Amino acid sequence: MPRAPPREKRLSPFALVNNRGIYSWLFSFYAPIGIGVVVLYTLIIVVAVLVYRRRKVPNRVHEAHRLELSYVVVLICMATGLLYLTYTAEHKVDDAQAYERPALSIDVTGARWEWLFHYPRYRITNESGAVGRQPLVVPVNEPIAFHISSDDVIHSFWIPEIRFKRDAMPHHTETVDLTFSRRGTFSGSCAEFCGLLHADMVFTVHVLSDSAFRTWAASGGKAAPWRTAS
Amino acid sequence: MIGSLTSTDHKRIALNLGLMSLFYFVLGGCFALMIRTQLAVPGGTFLSDQKYNEIFTMHGSTMIYLFVTPMSLALALYLVPLQIGARAVAAPRVALTGFWMWIFGGLIMQSGWLSTGGPGQDGWFSYAPLSSGTYTPGWGMDMWVLGVDLAALGMILIAVSVALTIARHRAPGMTTLRMPVFTWTALVSVLMVIAAFPMLVVVMSLLFIDRHGAHIFVNFQGSVDYQNLFWFFGHPVVYVMFFPYLGCAAEAVAANAHKRWFGYMAFVLSMMSFSVLSVSVWGHHMFVTGGVTNQYFAFTSTLLIVPAGIEYFDLIGTLLGGAIVMRTAMLFALGFFVQFLIGGASGIWTASPVLDYHAYGSYFVVAHFHYTLFAGSVFGFFAGVYHWFPKVTGARLREGLGKVHFVLLLIGTNATFFPQLILGYDGMPRRIANYPTHPGWQLLNDISSVGAGIIAVGVAVFLANLVVSLRRREAAGDDPWEGQTLEWWTTSPPPRFNFERPLPPITSYAPLLDLRERAAELAERAQEAQPRGAEV
Ligand code: HEM
Ligand SMILES: [Cu+2]
Ligand SMILES: [Cu+2]
């Protein structure tokens, strides 16, 4: 039996979903299975070719119904196993809102060609665009409700550090709960082609300790604690 | 010349379709080289952002609408009647009309290059509302929409002709369960074209109206609708771009192992389950929209393991106990199967929503579909070319050049696309004209760009091989590889009505192999009878 996805120890009582952790958990099954299948079949094919390369007379075997049927059963079991793992992980990620009550919420709006990060509670709005290159600032280990939307075409809000993205659709708000489990500075980008300067829709993510985040928020977004502390 | 362009001979139409598709392969390849030149360095300046967007869009669109898909149909249109012992296709004028519609579709799509606003520039699936008149004005984009529309209509007509041929013109004795492996792959492909392409025609027509004031695909629901409609076509088409090449590879393996394809019934069933599943998986392109039921589409998509797994079982069964000859066609066929493993495994990967939340829209996906389309289908295509070139032209391709071609393509393909798997995992989005300096990215992109150059050299060797082999012909004879199916019964190239001598009895999906096996049995029995008598 697979172990349950690990929980981050230092998470606040409300945070139940560590996005990066769940991805890694699923990765640890899919990657070895995938690589194993590719290597195994490649080996069988190469060896079969080398062994039967110089034969003069081929055999005439061209059916093996029993064997093939058992093999199909194995394949179905494999698909079932993979689906079980996927559903277990997806249930955690997608239903986070059902059991989390984030204190912090951030409105993320994609607009050609920048991101707006609006913190209603602190009346802060950061723009990722060419002018300010302002970052997304978040506290570590705390669930955050992101309200993702778009002002024009479809964009996709992607932060590789937490292995997650969600489309920003016009005139629609998607809400997802996400938790950052490591402090540091990361990058994010737009993952849905949105026209001319799609490549420029990159942004910086600062994941801060709780106190550093509070300092930043209290300063109305003026402080830059990531410069000093690290 | 004119006669050749208006001929109703299926072989002539198919050859014209194939040659034109091949031209688009080279054109799309030139676009690919421009993409890779731009991405060789971070912050590349070889192309402007606008030009880059046009180039990657036209690369993908040319490859899909004008090369791999029509080439599938060209192979089907040429080979199916020969394999089922038909004198001609049903409704040849329908096929000819389809060919011309596709020709104009392609020309119209490419004519966008003449507009000041540029040709199509929103990617090969041109999501709305980006592709609406508000965000992408200009007649270049209109031409893209109309071109795709017309090309799709044309391909439906060609598919109808092939499907009717299989329904009505099989030779006596050619039951559906005696149809050769390639014919089965062609049959499911044309049925999927008929089932799914009308949806593309509808979407493109709606998009055209939308662009001219109707505003159909607006807001959240409008953009989700566009995606649902598009991918209802868009996933089945990836199987149209796969099955006939699988058929090519399977026929090449069978001929070069001197055995009939293993597990025929299971193979046919797997084809059918593939095509049924393929119309129920489209939502796996939309996991990150929040607009579809991810669990359902993860379920159907992951189940694709089963029919895909059967293909490999049958391949291995064919190889075991064979008398294998490593001709170029065999090399490409094995390359197809082995490299498609990576395409398939990465496909099952992205079928898991949680993994796809990270992979979607990144270079991981670019690597995934090039491992299926390039490392897969294009290798299968070359297997087919080396296998059937003697039938089509009466001359053989040079084996030496063929092997050089194969080795270059093998190295180039993996050098180009393997690094992209890592880049995508590491966070590089697709469709970006520039990437920032990021540890490791430049090296991986450079390997990828060098790989693309190696592919280009490989393709040049192939084109040279075509020219050399046609100029200084090595006559092939009617059946150079001990073929197993009816096309090897007729002359090379086949006459206008395909068969001049009566067909052999059709006793299975490999009738010519049956003949040879029976002849061998008779000879053995005769030998057993003789020496005994001499001893006494
Ligand atoms: C010479 C070999 C090839 C190279 C080097 C190559 C390279 C690339 C690259 C780098 C991209 C990504 C562009 C971007 O996202 O910015 C791309 C996109 C694409 N390629 Fe290729 N490619 C090759 C052959 C093919 C073939 C044979 C096919 C089809 C059968 C194909 C189909 C596509 C498609 C559909 C896209 C997506 C376009 C889009 O995003 O709208 N490519 N190719
Ligand atoms: Cu974008
Ligand atoms: Cu799909």
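## Ligand 1 and its polar contacts

A polar contact is a pair of N or O atoms within 3.5 Å, and in this predicted model a polar side-chain atom of R430(B) meets that limit, lying 2.9 Å from an oxygen atom of ligand 1. A polar side-chain atom of R431(B) lies 2.7 Å from an oxygen atom of ligand 1, while H59(B) places a polar side-chain atom 2.8 Å from a nitrogen atom of the ligand. Two or more residues of the shell around ligand 1 come from each of the chain B elements α2 (10-38), α3 (49-83), α14 (363-393), α15 (399-425) and α16 (441-471).

The shell holds 26 residues, of which Y52(B), H59(B), W124(B), H370(B) and R431(B) come nearest to ligand 1. By residue class, the shell around ligand 1 is made up of 18 nonpolar, five polar and three charged residues.

## The iron site

The iron atom of ligand 1 is coordinated at 2.0 Å by the NE2 atoms of H59(B) and H370(B). This pair links distant parts of the chain, since H59(B) belongs to helix α3 of chain B and H370(B) to helix α14 of chain B, 311 residues apart. H59(B) is buried because its relative accessible area of 13% is under the 20% cut-off, and H370(B), at 16% relative accessibility, likewise counts as buried.

The site of the iron atom has six donor atoms, and with angles of 87 to 179° among them it is octahedral. For comparison, the ideal angles for six octahedral donors are 90 or 180 degrees.

## The copper site

In chain A, the copper ion (ligand 2) has as its protein donors C190(A) through SG, E192(A) through O, C194(A) through SG and H198(A) through ND1, lying 2.1 to 2.6 Å from the ion. In sequence these donor residues follow the spacing C-x1-E-x1-C-x3-H, and both C190(A) and C194(A) are buried.

The angles among the four donor atoms of the copper ion run from 83 to 133°, and the site is irregular. It does not count as tetrahedral because that class requires all angles to lie between 85 and 135 degrees, whereas the range at the copper ion begins at 83°.

## Helix α15 of chain B

Helix α15(B), which also contributes to the shell around ligand 1, has 27 residues and reaches 39 Å from its first C-alpha to its last, close to the 39 Å expected at 1.5 Å a residue. Just after this helix, G427(B) takes a positive phi of about 110°.

## Backbone features in the loops

Most residues other than glycine have a negative phi, and most peptide bonds are trans. R123(A), although not a glycine, has a positive phi of about 50°, and it is placed in the loop between β2 (114-119) and β3 (124-127) of chain A. H258(B), also not a glycine, has a positive phi of about 55° and lies in the loop between α8 (243-257) and α9 (264-278) of chain B. R123(A) is exposed, with a relative accessible area of 76%, whereas H258(B) counts as buried at 18% relative accessibility.

Chain B also contains cis peptide bonds. One joins A128(B) and P129(B), with omega of about 5°, and P129(B) is found in the loop between α4 (92-111) and α5 (139-168) of chain B. Another joins S492(B) and P493(B), with omega of about -10°, and P493(B) has its place in the loop between α16 and α17 (511-535) of chain B.

Definitions and conventions:
Residues are numbered from 1 along each chain as its sequence is written. Chains are lettered from A and ligands numbered from 1 in the order in which they are written. This is a predicted model: local features need pLDDT of at least 70, side-chain atom pairs count only at pLDDT 80 or more; totals for chains, interfaces and linings use all residues. Side-chain values use heavy atoms; hydrogens and water are left out. A residue is near a molecule or strand if one of its heavy atoms lies within 4 Å of it. A polar contact is a pair of N or O atoms within 3.5 Å; within protein, one must be able to donate a hydrogen and the other to accept it, and residues adjacent in sequence count only if both atoms are side-chain atoms. Helices (H or I, at least four residues) and strands (E, at least two) are DSSP runs, numbered from the N terminus. Ala, Val, Leu, Ile, Met, Phe, Trp, Tyr, Cys and Pro count as nonpolar, Asp, Glu, Lys and Arg as charged, and the others, Gly among them, as polar. Donors are N, O and S atoms within 2.8 Å of the metal (3.2 Å for Na, K and Ca); water is not among the atoms, so sites may look incomplete. Four donors count as tetrahedral if all angles lie between 85 and 135 degrees; four count as square planar and six as octahedral if opposite donors are over 155 degrees apart and all others between 65 and 115; anything else is irregular. Buried means under 20% relative accessible area, exposed over 50%, partly exposed in between (1.4 Å probe, protein chains only). The expected span of a helix is 1.5 Å times one less than its number of residues.
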